[in-house]
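Let's take a walk through this one together. Have a look at the fold first, then come back here.

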Amino acid sequence: MSSAPIDTAVDATARARDFLGVTRLTNSALRGWLHGLPGVDHVGCDARAADLGTRSIKNDAKLWAIDLAISMIDLTTLEGSDTAGKVRGLCAKALTPDASDLSTPRPAAVCVYGDMVPVAREALGTDSGVGIAAVATAFPSGRASMAVKLADTREAVAASANEIDMVIDRGAFLAGDYLTVFHQIADVKQACGPARLKVIMETGELVTYDNVRRASWLSMLAGGDFIKTSTGKVAPAATLPVTIVMLEAVRDWFALTGEMVGVKPAGGIRTSKEAIKFLVAVNEVAGEEWLDNKWFRFGASSLLNDLVLQRQRMKLGFYSGADYVTDDAPSLY
């Protein structure tokens, strides 16, 4: 199983033509294909999410799930007030999530604005195992020219970002201009070079589950390595039903193509209990192959603190006080 990265935007277009069975990739062809996808049963999806949310795991399985969730976090700071010192502090936290227990896993990555990538790289080094994800393409609005979006992406990759989190043009998508969104994703993918691309759909603005499904498939068709719910700047951000729709999409994409694509819910997931609900959904909907930080991430900041406190309780038999974890400024993340 592989993510079969696309090398160029031309390859993406050629593959899309083959996938759709057309000689020319047009907006009409994309519209027909996307609107031909099965509709999402809204009530059924909400009911399934509610059912999965009642599942519980105990003892050793719970400790395993907590460690897995920690390893899946993209530890995030995306504020206009971010400073080099704040990013260094975030990186220190990623390197040592719990100074009282050095066996605590490290998060998968830190997620910062592109101009903070050099600061993060200096703080993390090159062999810590913690990656650097940079938001790009005029995050969070996506309102900029493609020249600006591509320059934003290339600068972050040149500064040693391992992953790029881009935002789609929701206005174009909602207006039915799917071809523009396709080409933007494919062009950014090309600009990423060796970095993996996470495509942020901002599901809170897409409104319907059908739109989430269409945006998921469009993002995968254009070459996205991950599909991501949200910027964390718009409510609602990551919800379990929306994540289930996305997990169904990557499962079905894999069944059709043999390519694995990751999923990243971001924004609003703050507690261990919530994180475990998402892991249950990953296992039940997509399958255990996605229970790996190569294929599933949480975009979060405060979630790590709660996971560390729950981990301490399970190992020590009692809760530590909040003073035993670092404080984070409140945000949607």
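Is Lys-198 buried or exposed? Keep in mind that you're looking at a predicted model. Lys-198 counts as buried, because its relative accessibility is 1%, and the cut-off for buried is under 20%.

So who keeps that lysine company? Lys-198 sits in strand S5 (residues 196-200), and it pairs with Asp-74 in strand S1 (residues 73-76), 124 residues apart along the chain. The closest N and O atoms of this salt bridge are 3.2 Å apart, and both Lys-198 and Asp-74 are buried. Lys-198 has another partner too: its side chain meets that of Asp-165 in a salt bridge, at 3.0 Å from N to O. Asp-165 belongs to strand S4 (residues 163-167) and lies 33 residues from Lys-198 in the chain. Asp-165 counts as buried because its relative accessibility is 0%. In general, side chains of opposite charge can pair when their charged atoms come close.

Step back a little and these pairs turn out to be part of a wider network of salt bridges, which links Asp-74, Glu-163, Asp-165, Lys-198, Lys-228, Lys-264 and Arg-297. Across the whole structure, the search finds 21 salt bridges. One of them joins Arg-311 to Asp-67, with the closest N and O atoms 2.5 Å apart. That pair links helix H14 (residues 303-316), home of Arg-311, to helix H4 (residues 59-71), home of Asp-67, across 244 residues of chain. Arg-311 counts as buried, because its relative accessibility is 4%.

Now for the greasy part. Nonpolar side chains tend to be buried together in soluble globular proteins. The largest nonpolar core here has 101 residues, and the members touching the most others are Leu-30, Val-110, Ile-164, Phe-182, Leu-279, Phe-296 and Phe-298. Take Phe-296 and leave aside residues up to four places away in sequence: among its contacts are Met-72, Phe-226, Leu-247, Phe-278, Leu-279, Val-282 and Trp-290. Apart from that core lies another one, of seven residues, including Leu-78, Cys-111, Phe-139 and Ile-200.

Helix H13 (residues 272-286) is a good next stop. H13 has 15 residues and reaches 21 Å from its first C-alpha to its last, close to the 21 Å expected. Its buried residues include Phe-278, Leu-279 and Val-282, which also appear among the contacts of Phe-296. The cover over the buried residues of H13 includes helix H3 (42-52), H4, helix H12 (240-257), strand S8 (298-300) and H14. Just after H13 comes Gly-287, with a positive phi near 125°.

Finally, check the backbone for oddities. Most residues other than glycine have a negative phi, and most peptide bonds are trans. Which residues go against that? In the loop between strand S3 (131-135) and helix H7 (146-158) you'll find Pro-140, and the peptide bond from Phe-139 to Pro-140 is cis, with omega near 0°. Thr-137 is found in the loop between S3 and H7 as well, and has a positive phi of about 60° although it is not a glycine. Thr-137 is buried, with a relative accessible area of 0%. Another cis peptide bond joins Ala-235 and Pro-236, with omega about -5°; Pro-236 is in the loop between strand S6 (226-228) and H12. Glu-202, in the loop between S5 and helix H10 (203-206), has a positive phi near 50°. Glu-202 counts as buried because its relative accessibility is 0%.

Key:
Residues are numbered from 1 along each chain as its sequence is written. This is a predicted model: local features need pLDDT of at least 70, side-chain atom pairs count only at pLDDT 80 or more; totals for chains, interfaces and linings use all residues. Side-chain values use heavy atoms; hydrogens and water are left out. A nonpolar core is a set of buried Ala, Val, Leu, Ile, Met, Phe, Trp, Tyr and Cys residues joined through side-chain atoms within 4.5 Å. Buried means under 20% relative accessible area, exposed over 50%, partly exposed in between (1.4 Å probe, protein chains only). Contact means heavy atoms within 4.5 Å. A salt bridge is a side-chain nitrogen of Lys or Arg within 4 Å of a carboxyl oxygen of Asp or Glu. Helices (H or I, at least four residues) and strands (E, at least two) are DSSP runs, numbered from the N terminus. The expected span of a helix is 1.5 Å times one less than its number of residues.
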